[in-house]
Amino acid sequence: MASAPETIVCSICLTMYTDAVSMEHNFCPKCIDRVLNTQGGSDLHSCPAFKEEPEESPSIKSAALGNLNLPLSPLEEPLVIPCSYCIHSSAPAVKTCLHCEAFLCDDHLRVHIKSPEHVLSAPSTLPEDQKCSIHKKILEYYCNEDQTCICVYCLAETHRTHHLDSLHEATEQRKKRLKGILETLDAKRDKADEDIQNLLTQKDEIPDKATSLTESVMAVFSEIRRQLEDLESKALSEISRQKEQVSASISDLIQQLEIRKDELSMEIRHIEKLLRSTDAVTVLQNQVVDFSNMEKNETVNIHSAGSLDDFLVALILYDGLGDIVTKAKEDFYPVESPEILLDQTTAANNVAISEDLKSAMWSVVSQRRRETPRRFQQYQVFSIQGINSGRHYWEVETSEAEYWMVGMAYPSMETNGDQSWIGNNKKSWCFCRWHDEYSLRHDGMDVQLFPSVSANRCGVHVGYDSGRLSFYELCDPIRHLHTFYGNFSEPLHAAFWVNDNGWIKIRKL
């Protein structure tokens, strides 16, 4: 056991002191007086600490504490207290006499006075600490009202009507409470240690998870690039095909028109010759082809050659890109997205519901719906469908009104009173706007968001089996707002709260 620094602890009783005297070592005044008295009036005195041969006229002087380091706390390391009456030995004390204010070893305890006023206790504290600071009497009771130890004189003067216990009873009660506190603290410390280990495990897993996620993203985009290249090749091939086809068709039409042009030129020259002729018979007997009366099917339709069909190319790209995106979503985004429809049997009468059951609006005019056990009294509506497993995602668009809430809730939530508002109880979670402030709320507790949030579109992701509920701001870039963690015990329904001309609209994914 490490000993306390001798420069600030009495070498006899091993307790801290504020005033000291010194021979070759430091001692508190009470111990040095007791030792010198036992050594008689001789001029020769031995050092009480080392029990050396007596020396003449030892120098007894004050020992200043100065700026010394404090010793270890008694709770950290117990002290061995020597007997106050053992001068030439170092027998440890086993009891303290509070009356004599002395520490007793086994030998001195056997010969100690046994009268009642000589109260014995464990030698763990100074005797004066066991006495009333006012009356200098032994502390015998504990006042529960004032939470202090008192002597019989204190009892008679000021604590007569108070609830008192003996020091032993009070100590046992205190230890019992301390034991309960200790067990609680031990459990909390174990839980903290468990949480630390879990976090360290999570931290260790982050690099591998990040690598895996990176590889997944790269694989998705590699596949997307391959499919895009195939789609590009397909679209370009279609353009080349159309180019060749339309060019050939135009060339054929040009050739037909050239032939027709030559025929027309010959007929024009023939007619011009007849017009110049003065021979009536020649003019009348020569046949002239009247091209103006030709059938329509004998004419060349210049539009039959067609043109590049840019819509066909666009359709190929649209259809192909849709397939690529759908395939990428299925591979990288394995969530179910069932259609969210609003349940009119839960809608409050000051909430209007659209015909497609996709929008909810605050209404100053009562909707006069029939009362049902699940109908909210104010502002709210639930979805028809509930979620009880898997991963799900849905989006909502909100108004610029000052009051709205979007979240998830159990169907067993209250339907009336403040506890019926989503986020105000243990059975609901929400993202809400109140005036110009945005927050996430659960069980009446808010997580405030930065003022820069301006969420007119938000996404809600539910991982039911993993106990996660996340909210996202659908801006550029998309931003994660908050995630609630827990163990869901009931189906989760989408829940909405609107007021003061507010509205929400469930978006189609």
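## A salt bridge between two strands

At 13% relative accessibility, E395 counts as buried (buried is under 20% relative accessible area, exposed over 50% and partly exposed in between, with a 1.4 Å probe and protein chains only). The model is predicted, with local features needing pLDDT of at least 70 and side-chain atom pairs pLDDT 80 or more, while totals for chains, interfaces and linings use all residues. Residues are numbered from 1 along each chain as its sequence is written, and side-chain values use heavy atoms, leaving out hydrogens and water.

The salt-bridge partner of E395 is R507, and the closest N and O atoms of the two lie 3.4 Å apart (the rule asks for a side-chain nitrogen of Lys or Arg within 4 Å of a carboxyl oxygen of Asp or Glu). This pair connects distant parts of the chain, since E395 belongs to strand β15 and R507 to strand β24, with their positions 112 residues apart. R507 differs from its partner in burial class: it is partly exposed, at 29% relative accessibility, whereas E395 is buried. Elsewhere, salt bridges with shared partners bring E223, R226 and D230 together in one network.

## The seven-stranded sheet

The strands that carry E395 and R507 are both members of an open sheet of seven strands, whose order is β12-β13-β24-β15-β20-β21-β22 and whose pairing is antiparallel (strands pair if DSSP finds at least two bridges between them). At the edges stand β12 (351–353) and β22 (479–485), each of which pairs on one side only. From one strand to the next, the twist averages 20°. (Axes are lines fitted to C-alpha atoms, for helices over the stretch in contact, with angles from 0 to 180 degrees between N-to-C directions.)

Within this sheet, β15 (residues 391–398) and β24 (residues 503–507) run antiparallel and are joined by four bridges (strands are DSSP runs of E with at least two residues, helices runs of H or I with at least four, numbered from the N terminus). On this shared border, E397 has K505 of β24 as its bridge partner, and the salt bridge between E395 and R507 links the two strands through side chains.

## A three-stranded sheet and a hairpin

A second open sheet consists of three strands in the order β10-β9-β11, again with antiparallel pairing. Its edge strands are β10 (148–150) and β11 (164–166), both of which pair on one side only, and neighbouring strands are turned against each other by 35° on average, direction ignored. Three bridges hold the antiparallel pairing of β9 (residues 141–143) with β10, and here Y141 stands opposite I150 of β10.

Strands β18 (residues 437–442) and β19 (residues 445–448) also run antiparallel, joined by four bridges. H442 has M445 in β19 as its bridge partner. The two strands make up a hairpin with two residues between them, and D443, in the turn, has a positive phi of about 55°.

## Salt bridges along helix α4

The salt-bridge rule gives a count of 15, and two of these pairs can be followed within helix α4. E205 bridges to K209 with closest N and O atoms 3.6 Å apart, and the two residues, four positions apart in α4, are separated by about one turn of the helix. E205 is partly exposed at a relative accessible area of 34%, and K209, at 54%, counts as exposed.

R241 and E238 form another salt bridge, in which the closest N and O atoms are 2.7 Å apart; because they sit three residues apart in α4, about one helical turn separates them. R241 is partly exposed at 42% relative accessibility, while E238 is buried at 12%.

## A nonpolar patch and an aromatic cluster

L213, V217, F221 and F332 make up a nonpolar surface patch whose accessible area comes to about 350 Å² together (patch residues have over 30% relative accessible area and no salt bridge, with like charges joined within 9 Å and nonpolar side chains, Val, Leu, Ile, Met, Phe, Trp or Tyr, within 5 Å; areas follow Shrake-Rupley with a 1.4 Å probe, and for residues only the protein chains shown count as cover). Helix α4 (residues 167–276) contributes the most to this patch, with three residues. F332 lies in helix α6 (residues 310–332) and, at 37% relative accessibility, is partly exposed.

The aromatic count is 15 pairs, and ring pairs link Y379, Y403, W421, W434 and W497 into a cluster (rings of Phe, Tyr and Trp, the last by its six-membered ring, pair if their centres lie within 6.5 Å; planes under 30 degrees apart are stacked, over 60 edge-to-face and the rest tilted).
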